[in-house]
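Here is a friendly briefing to read alongside the model. Keep the structure open while you go through the points.

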Amino acid sequence: MQPKLGIIAGGGTMPRSLVNHCLDTGRAYCVVALVGHAEAVHLEGVNSLHWSSIGAAGKIIDILKREEVHDLVMVGPVKRPSLVAAMPDIRGLKFLIRAGRQAFGGDNSILSAIAGELEAEGFRVIGIDSLLQCLLTPPGVLTRVTPKNDVRHSIKVGLEEARDLGSKDIGQAVVIEGTNILAREDSGGTNDLIRRAGKLTRDKRKLILVKAKKPEQDRRVDLPTVGLETVQLAAE
């Protein structure tokens with residue numbers, strides 16, 4: 001029998017997909033939905049559902065231990081709150097002190113620090129791709145259009161820039177026009193990047209979005225994703 005799975009749920013539909021996976025495989029699960037991030041419409045009818053603010057570290061850990069969770073997955077986008085907005089409890093404040101500068105870095109630094117804290121509490125943090133391998137993009141061209149040489153060159157330039165951006169733990173993506181970097185991802189995320197780039201060019205058909213894993217990215221907690229909204233915005 002597989003150990004009980006804890007799901008710390010942010011936004012989007014991925015937490016529900018993981019719940020459905022547990023139901024299909026007969027695996028016990030527990031969901032801790034983050035208030036202000038998780039969407040109730042995607043969690044309707046979910047058993048063993050608990051809600052908590054993102055800063056209530058003590059409450060979240062107590063719930064997971066009470067539910068006898070062993071494996072833990074963090075899934076779904078979470079907008080980074082300010083420390084005041086998060087209103088951390090005592091355990092959350094102790095985490096901030098222990099994490100030090102790492103807690104004030106980029107998304108990968110923060111999420112890795114959180115994963116380390118959860119593992120120190122006895123949980124095993126795993127990546128969603130270890131459970132839902134169908135989510136991983138296969139290699140090769142996925143559409144009807146194969147990039148020509150000039151486009152391949154632009155992609156190469158964009159990929160180098162995206163990886164440089166990722167090495168600084170700032171973002172994962174850039175938008176390139178020809179061989180010029182038109183816009184870079186920041187804390188606003190990929191969709192905001194696409195919107196900004198669309199306002200900076202006269203010919204939107206020449207833009208290319210390049211997104212890549214950060215060189216030192218923790219795949220368990222911050223796997224690069226391209227969701228439906230991203231595809232729709234790119235098409236627009």
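## A hairpin to start with

Strand S6 (residues 173–177) and strand S7 (residues 180–184) run antiparallel and are joined by four bridges. Strands count as paired here if DSSP finds at least two bridges between them. Helices (H or I, at least four residues) and strands (E, at least two) are DSSP runs, numbered from the N terminus.

Please bear in mind that this is a predicted model, in which local features need pLDDT of at least 70 and side-chain atom pairs count only at pLDDT 80 or more, while totals for chains, interfaces and linings use all residues. Residues are numbered from 1 along each chain as its sequence is written, and side-chain values use heavy atoms, with hydrogens and water left out.

**The protein as a whole**

- Eight helices and eight strands make up the count of elements in the protein.
- Of the 236 residues in the protein, 40% are buried (buried means under 20% relative accessible area, exposed over 50%, partly exposed in between, with a 1.4 Å probe and protein chains only).
- About 13800 Å² of the protein is exposed, and carbon and sulfur atoms supply 54% of that area; accessible areas come from the Shrake-Rupley method with a 1.4 Å probe, and for residues only the protein chains shown count as cover.
- Among contacts between residues at least 6 apart in sequence, 61% join residues at least 24 apart (contact means heavy atoms within 4.5 Å).

**The antiparallel sheet and its helices**

- Within the hairpin, Ile 176 stands opposite Ile 181 in S7.
- Two residues lie between the strands of the S6 and S7 hairpin, where Gly 178 takes a positive phi near 70 degrees.
- The hairpin belongs to an open sheet of three strands in the order S7-S6-S8, with antiparallel pairing.
- S7 and strand S8 (207–211) are at the edges with a single partner strand each, so one side of each has no neighbour in the sheet.
- On average, neighbouring strands of this sheet are turned by 30 degrees against each other, direction ignored. For angles like this, axes are lines fitted to C-alpha atoms, for helices over the stretch in contact, and angles run from 0 to 180 degrees between N-to-C directions.
- Helix H6 (residues 149–167) packs on the sheet and touches S6, S7 and S8, with its direction at about 145 degrees to that of S6.
- Helix H7 (residues 190–200) also lies across S6, S7 and S8, running at about 130 degrees to S7.

**How H7 meets H8**

- H7 packs with helix H8 (residues 228–235) at an angle of about 5 degrees, and their axes are 10 Å apart.
- H7 is therefore roughly parallel to H8 (angles under 35 degrees count as roughly parallel, over 145 as roughly antiparallel, 65 to 115 as roughly perpendicular and the rest as oblique).
- On the H7 side the contact is made by Thr 190, Asn 191, Ile 194 and Arg 195, and on the H8 side by Glu 229, Thr 230, Leu 233 and Ala 234.

**The parallel sheet**

- Five strands form an open sheet with parallel pairing, in the order S3-S2-S1-S4-S5.
- Strand S3 (49–52) and strand S5 (124–125) are the edge strands with a single partner each, so one side of each is left without a neighbour in the sheet.
- Four bridges link strand S2 (residues 29–34) to S3 in the parallel sense, and Val 31 stands opposite Leu 49 in S3.
- Helix H1 (residues 14–25) packs on this sheet, touching strand S1 (5–9), S2 and strand S4 (71–75), and its direction makes about 165 degrees with that of S1.

**Nonpolar cores**

- The largest nonpolar core has 18 residues, and Leu 5, Ile 7, Leu 18, Val 31 and Val 73 have the most contacts inside it. A nonpolar core is a set of buried Ala, Val, Leu, Ile, Met, Phe, Trp, Tyr and Cys residues joined through side-chain atoms within 4.5 Å.
- S1, H1, S2 and S4 each supply at least two residues of this core.
- A second, separate core has 16 residues, including Ile 61, Phe 123, Val 125 and Val 221.
- In helix H2 (57–66), the buried residues include Ile 61 and Leu 64.

**Two loop residues with positive phi**

- Ser 48, in the loop between S2 and S3, has a positive phi of about 55 degrees although it is not a glycine. Its relative accessibility of 26% makes Ser 48 partly exposed.
- Glu 68, in the loop between H2 and S4, has a positive phi of about 60 degrees and is not a glycine either. Glu 68 is exposed, at 66% relative accessible area.
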